[in-house]
Every structure is written in C-alpha cells, then in structure tokens.
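Let's take a walk through a protein fold and see how its pieces sit together. Have the sequence and the 3D view ready.

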Amino acid sequence: MAYAAYGWPVIPGARWNGTKYIRPDSGLRVPGLLPIVPHTEATDRQAQIERWWNAAPFSVLVAAGRGFAVISVPAELGVAAARFSVFRDSPTPTLVHPEGRILFLVEPIKALRLELRSFRSVFLMEPDSVFPVPPTITGSGPVRWWFPPDACPITSGSARIVQEALCQAISAVRWSRTPP
C-alpha cells in the first residue's frame with residue numbers, strides 16, 4: 001500500500017456496498033465509515049497492512065497527526081485558495097471528499113492561524129482522527145486526490161503556505177464566518 005510508504009498510518013475501514021456500510025470481513029451492517037479495528041492500531045507496517053487487506057476488501061482510512069496534520073475546509077474555499085500563486089507554486093497533497101470538503105495534508109502544526117480559527121467551517125483535524133483516502137467510496141461517492149502525494153514535491157505540504165492561501169481566499173471573497 002503506497003500510503004504506508006509515505007509513512008502514513010493506515011487502518012481498515014467499513015465499506016460502502018451501494019446501499020449501506022458493511023464490514024467486508026463479516027458482511028455485518030455498521031453505522032458509517034468506521035475503522036474495523038481501534039484507531040490506535042493504525043500503522044505503516046507493510047506486513048500488518050497486507051494481513052488486513054488480504055482478509056477482505058476494506059476501505060482505506062489514514063490517521064491524522066502522525067507525521068502530518070490535516071486542514072479541512074469547505075470545497076468552495078479550498079478551490080479558491082488553490083487559485084493563489086502561493087499555493088500553486090508549492091502544492092500539498094490534497095483530497096476532495098464527496099461531501100463537499102477539501103483536506104490539505106500539511107506538516108504537523110498545533111493550531112490554525114488565528115484568523116482561520118474564527119471560521120467554524122475551517123478546522124484542524126484532531127490527532128488520531130481517521131479520514132478516507134482513495135480508492136475508498138463513501139455513501140456520497142468516491143474520495144479523490146486533487147493533488148496526489150506522488151505529484152507533490154513533499155508528502156506533507158507547508159502549513160504556512162496552505163494557511164496563507166486560505167487567508168488570501170477568505171479576503172478575496174469575504175468568506176462568511178459561519179456555515180450557510
């Protein structure tokens with residue numbers, strides 16, 4: 001699994017079967033895209049990963065906060081931020097979630113810049129929280145790479161650059177501090 005090669009801890013998740021989430025190893029229905037094992041077992045060890053995925057076709061989840069942070073924003077804001085040269089000149093691995101979110105994978109940070117913290121729709125994912133990566137399909141559709149890690153100069157981008165681009169986008173469009 002390529003994600004482990006980047007040092008990203010992965011964990012098997014429930015799978016969307018077209019109508020509901022199930023555990024692929026048992027067929028049992030589960031209430032959402034949840035890890036199959038405790039999130040603390042997320043690993044980049046290839047042998048364990050192979051054991052999990054040889055057992056069943058799980059969704060792929062990655063745990064945030066171990067070597068990188070994840071900044072989650074509404075898709076409209078993420079697209080606006082990517083238009084600024086500060087971001088285009090140094091892209092970071094970026095996911096498009098089918099439920100209207102963009103996830104920027106950046107170097108570890110403890111908190112967002114002050115000017116971003118006042119926006120409830122912009123947040124830093126908690127350490128050890130898990131999120132889906134391709135080829136995972138959710139009930140809303142597939143998770144896709146916008147900027148895949150192998151197309152970026154480094155496997156976790158600059159938090160400073162991403163936050164600067166987000167601030168520029170907010171200033172340019174007078175982004176609302178509360179979700180619609």
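Start at Ile 102: it touches Ile 71, Ser 72, Val 73, Ala 75, Gly 78, Val 79, Thr 94, Leu 95 and Trp 146, leaving out residues up to four places away in sequence. Contact here is heavy atoms within 4.5 Å. Before going on, know that this is a predicted model, in which local features need pLDDT of at least 70 and side-chain atom pairs count only at pLDDT 80 or more, while totals for chains, interfaces and linings use all residues. Residues are numbered from 1 along each chain as its sequence is written, and side-chain values use heavy atoms, with hydrogens and water left out.

Ile 102 belongs to strand β8. Strands (E, at least two residues) and helices (H or I, at least four) are DSSP runs, numbered from the N terminus. Is Ile 102 buried or exposed? Ile 102 counts as buried because its relative accessibility is 2%; buried means under 20% relative accessible area, exposed over 50%, and partly exposed in between, with a 1.4 Å probe and protein chains only. Ile 71 is 31 residues from Ile 102 in sequence, yet their C-alpha atoms are 8.2 Å apart in space.

**The sheets**

Two strands pair if DSSP finds at least two bridges between them. Here are the two open sheets:

| Strand order | Number of strands | Pairing |
|---|---|---|
| β9-β6-β8-β7-β13 | 5 strands | antiparallel |
| β1-β5-β10 | 3 strands | antiparallel |

In the sheet with 5 strands, β9 (123-124) and β13 (144-147) are the edges, each pairing on one side only. Strands β6 and β8 run antiparallel and are joined by 6 bridges; Ala 69 stands opposite Val 106 in β8. Helix α3 lies across β6, β8 and β13, at about 105° to β6. For such angles, axes are lines fitted to C-alpha atoms (for helices, over the stretch in contact), and angles run from 0 to 180 degrees between N-to-C directions.

In the sheet of 3 strands, 4 bridges join β5 to β10, which run antiparallel, and Ala 63 has Val 130 in β10 as its bridge partner. Helix α2 packs on this sheet, touching β1 and β5, and its direction makes about 10° with that of β1.

**The cores**

A nonpolar core is a set of buried Ala, Val, Leu, Ile, Met, Phe, Trp, Tyr and Cys residues joined through side-chain atoms within 4.5 Å. Which residues have the most contacts inside the largest one? They are Val 70, Leu 95, Leu 105 and Phe 131, in a core of 31 residues. Strand β5 gives the most to this core, with 4 residues. Leu 105 has contacts with residues including Trp 8, Phe 68, Trp 145 and Gly 157. A second, separate core has 23 residues, among them Val 73, Leu 77, Ala 80 and Ala 159.

**Helix α6 and the cysteines**

Helix α6 has 15 residues (159-173) and should span 21 Å at 1.5 Å a residue; its end C-alpha atoms are 21 Å apart, which agrees. The expected span is 1.5 Å times one less than the number of residues. Its buried residues, which include Ile 161, Val 162 and Leu 166, pack against β6, α3, α4, β8 and α5.

Cys 167 is buried, with a relative accessible area of 11%, and Cys 152 counts as buried at 11% relative accessibility. How many disulfides does a search of the whole structure find? It finds 0; a disulfide is a pair of cysteine sulfur atoms within 2.5 Å.
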